[in-house]
Structures are given as structure tokens and as C-alpha cells.
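Subject: Structure handover

Hello,

Here is the structure we talked about. Please open it and keep it on screen while you read the notes below.

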Amino acid sequence: MDFALSEEQQAIFDMARDFGAEHIAPHSEEWEEQGTIPKELWKQAAELGLGGIFVSEEYGGSGLSRLDGTLIFEALAMADPSVGSFLSIHNMCGGMIDKFGSDEAKAKFLPELCSMEKVWSYCLTEPGSGSDAAALRTRAAKGNEGIKLNGTKAFISGGGYSDCYLTMVRTGEDGPKGISTVVVEDGTPGLSFGGLERKMGWKAQPTAQVQFDDCLIPLENQIGEDGRGFSYAMSGLDGGRLNISAGALGAAQSALDKTLAYMGERKAFGKSLDQFQALQFRLAEMETALQSARIFLRQAAWKLDRGDRDATKFCAMAKLNVTDRAFEVANGCLQLHGGYGYLADYGIEKLVRDLRVHQILEGTNEIMRLIISRTMLAERS
């Protein structure tokens, strides 16, 4: 079993890391205060192929693997996990359209998605259906004039900011088999947005409810088949969980790197902090946690790329393990900074705030435990 990255993969990681260091990190604090990300950034990212990471080259994408994607999002999160994760959501939409959309839908939507002339959001969660996503109530009714939507989506990254919304809607019976997937473009009559949410972290990402009131979209804006939308959404979340995990990993690595530097400079009782054995042990534990999480994440991505039957279970295990370990490491880094870690100047408290939501979104870590255990019980028989 080869754990080494290929030269191409190392180049992909280095490219994303350098892009983040140059174009994201210097503006991270400013964008958090403003509560938004300049759209010019996305066009710069798209020039490097980061707009359609999982989209085939035929439509302007990079055609990269899920493992490649984890490298990109780990590297970007070293600059700012909030910004990198927003790009992850955009790419999750692209991957779903490339995999499940018709040739006509791909030709219509993917070129501008890949160039990031159009920024995309993913709309599954509703005010009354979070973890129980199959209970969503947003209704879509087909007619000769198009598809009419009514309902509300909640906690949408890019709500009111994005240009297109990949949306799961109910077209049939209750439960997962009555759900389909459609695209709602900004400016469509009947599309509106709630006020910006006030959040603990991910503050650079504008987040708002997305509302549909007799919102009429063209029939050709449906992606894939009737009643398959829930399976499309869950398939997209397998990759999304890897990306979110990679973002958590990169941010925690950044926190640990900052802490190593700080402990070599900060003195107490006549010597630098890195000379105290008890604190050295803390560093060793955090390094071990991140390295083991990284290996597990890449194994899960490898399984998803191969199409292994247990890939969904491994994506859930990776999301559970990596996001929990990453938050623990970032929080431990804040503790090692002492009072300075609580100040914004050192950049640690932001990472702790940002990483907390990685344990919640793309399926809470409680839902990850449910997926894992149910799969284990099914495999037993």
C-alpha cells in the first residue's frame, strides 16, 4: 500500500496552498468583518481549475479525483476554512450535475460553473428538516409552463449571494422517493431570501434562508430523474463530507503550526514553552491525531474514487473522526496560547469558531454514527 502522493498530487496541493497564502490569508480578517467574499476571488480560483474540480474536462472542468479534492481543500483551509469550505459547496454542486445531469443540463450549467462566472449553492436543509432531510416539504409542481416551487430552505451558504441554487424539492410522495433535484437561478420571480444569519463562525460566508413563493423555473432545470433527488443529494454528500473533513484538517494543521512557532517564542519560568515536557507531550498527541486523521481521510477518498461498496460508510467515518480530532486540536492550540489564544490577533480563536460547524454540517456527527452503525448491522447479515 503506497501512502505517498504522486508528483502531480503534490503539485496540486502546493498550488492550492500557495493560492490561499497569496489571495485569501491576507484578507481573511477583513472578509470576516465584512461578512462576504469578493466574487473576484472565485474567478481567480477558476483560472487554476478550482471552479470545476470534479467536472469532466469536456465541460471546462478539471476532472480530478476525490482524493485530489481533499488535497485542495486541506491546503485552502490553511489560509481560511470558511472561504475554502464555500468553494467546496460550489464544487459539490458541480460534481452532482456532472454525474447525474442530462447532456443538455451539463451544457447549460457547467461551463459557467467551472469558470465561476456563476457561483452555486446547495439547498437541502429546511427549517423543519435538518438531520431528517427526507422529511423536506418544499413542494414542486410540474405544469406546461414549467416547475412551480413553494417552500423555504435554511442555513444556506451563499443565500442571496450565489447565482444558482441546486435544490432538493418534493415532487411526489412523502419520504426519500418523492424528492427530485432542480436548479433555481438568481433573479427568478418568486425567489427571495431571508436576512443574513448571525453565526459563531464561518462569518465570511453570507448565510440566509432561501424562499420560494410560486417560483417558476423551466422544465429543463430539473437534474436527473423524478424521485431520485434524495439519492443524488446523499451521493453528493459523500464527497462533501470528505471536503469538509479536509477543510477541518487543514485549519487544525494551521493552528498547530502557529502553536509550534508561538511556543518557541513565548517564555515562562525562565525558558520557552516548548522546553516543558508536559507541553511537548501535548504537541505529540496533536500531531498524532492529525496524521492519523489525514491517513483515514485519504483512504476514504480512495474508496469513493474506486466506487467501493463501503465507501459511504468510510466517508461517514472520516467525517466523524477528522472533524472531531481537528476541533480538539484547534481548541488545544488555543489553550497552549493561554490568554493570547483568546485574542483575535493570533488567529487561533477564529479557527476554533470556524471548525465547530464542521462537526454539524454535511450531516451532524451524530448522523455519521447512525450511518456507520446501520451499515455495520447490515453487513453482519
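Start with Met-116, which sits in the loop between α6 and β1. Keep in mind that this is a predicted model.

What is the phi of Met-116? It is positive, about 60 degrees, although Met-116 is not a glycine. The residue comes just after α6. Is Met-116 buried or exposed? Its relative accessible area is 2%, and buried means under 20%, so Met-116 is buried.

Now step back into helix α6 itself. This helix covers residues 103–115, which makes 13 residues. From its first C-alpha to its last it reaches 18 Å. That is close to the 18 Å expected at 1.5 Å a residue. Where does α6 kink? Look at Phe-109: the kink there is about 35 degrees, and the proline Pro-111 follows shortly after.

Phe-109 is also on the list of buried residues of α6. The others on that list are Ala-105, Lys-106, Leu-110, Leu-113 and Cys-114. What covers them? The cover includes helices α3 (40–47) and α5 (81–100). It also includes the strands β1, β5 (179–185) and β8 (222–223).

A second residue with a positive phi

Phe-269 is not a glycine either, yet its phi is positive, at about 55 degrees. Find it in the loop between β9 (267–268) and β10 (271–272). Is Phe-269 buried or exposed? Its relative accessibility is 81%, and exposed means over 50%, so Phe-269 counts as exposed.

Helix α8

Next, go to α8, residues 277–306. It has 30 residues, which should span 44 Å at 1.5 Å a residue. Its end C-alpha atoms are 44 Å apart, so the span agrees with what is expected.

Which residues of α8 are buried? Among them are Leu-283, Met-286, Leu-290 and Leu-297. The list also includes the alanines Ala-289, Ala-293, Ala-300 and Ala-301. Arg-294 and Lys-303 are on it too. These buried residues pack against three helices: α4 (66–77), α7 (229–265) and α9 (311–337). Just after α8 comes Gly-307, with a positive phi of about 75 degrees.

Aromatic rings

How many aromatic pairs does a search of the whole structure find? It finds nine. One of them joins Tyr-165 and Phe-193. Their ring centres are 5.6 Å apart, and the planes meet at 40 degrees, which makes the pair tilted. This pair links distant parts of the chain. Tyr-165 is in strand β4 (residues 164–170) and Phe-193 is in strand β6 (residues 191–193), 28 residues apart. Tyr-165 has 0% relative accessibility, so it counts as buried. Phe-193 has 27%, so it counts as partly exposed.

Tyr-340 and Tyr-346 form another tilted pair. Here the centres are 5.3 Å apart, with 45 degrees between the planes. Tyr-340 has a relative accessible area of 35%, so it is partly exposed. Tyr-346 has 33%, so it is partly exposed.

There is also an aromatic cluster, made of Trp-42, Phe-86 and Tyr-161. Tyr-161 has a charged residue over its face: Lys-39, at 4.9 Å from the ring centre. Phe-54 has one as well: Arg-66 lies over its face, at 3.9 Å from the ring centre.

Two serines

Take Ser-56 first. It lies in the loop between α3 and α4. Its relative accessible area is 26%, so Ser-56 is partly exposed. Which residues does Ser-56 touch, not counting those up to four places away in sequence? They are Gly-61, Gly-63 and Asp-98. With Asp-98 there is a polar contact of 3.0 Å between the side chains. Ser-56 and Gly-95 are 39 residues apart in sequence, and 8.8 Å apart in space from C-alpha to C-alpha.

Then look at Ser-129, in the loop between β1 (120–123) and β2 (139–143). Is Ser-129 buried or exposed? At 2% relative accessibility, it counts as buried. Leaving aside its neighbours within four places in sequence, Ser-129 is in contact with Ala-135 and Leu-136.

Best wishes

Conventions: Residues are numbered from 1 along each chain as its sequence is written. This is a predicted model: local features need pLDDT of at least 70, side-chain atom pairs count only at pLDDT 80 or more; totals for chains, interfaces and linings use all residues. Side-chain values use heavy atoms; hydrogens and water are left out. Rings of Phe, Tyr and Trp (its six-membered ring) pair if their centres lie within 6.5 Å; planes under 30 degrees apart count as stacked, over 60 as edge-to-face and the rest as tilted. Helices (H or I, at least four residues) and strands (E, at least two) are DSSP runs, numbered from the N terminus. Buried means under 20% relative accessible area, exposed over 50%, partly exposed in between (1.4 Å probe, protein chains only). A charge sits over a ring if NZ of Lys or CZ of Arg is within 6 Å of the ring centre and within 35 degrees of the ring normal. The expected span of a helix is 1.5 Å times one less than its number of residues. Contact means heavy atoms within 4.5 Å. The bend at a residue is the angle between axes fitted to the seven residues ending there and the seven starting there. A polar contact is a pair of N or O atoms within 3.5 Å; within protein, one must be able to donate a hydrogen and the other to accept it, and residues adjacent in sequence count only if both atoms are side-chain atoms.
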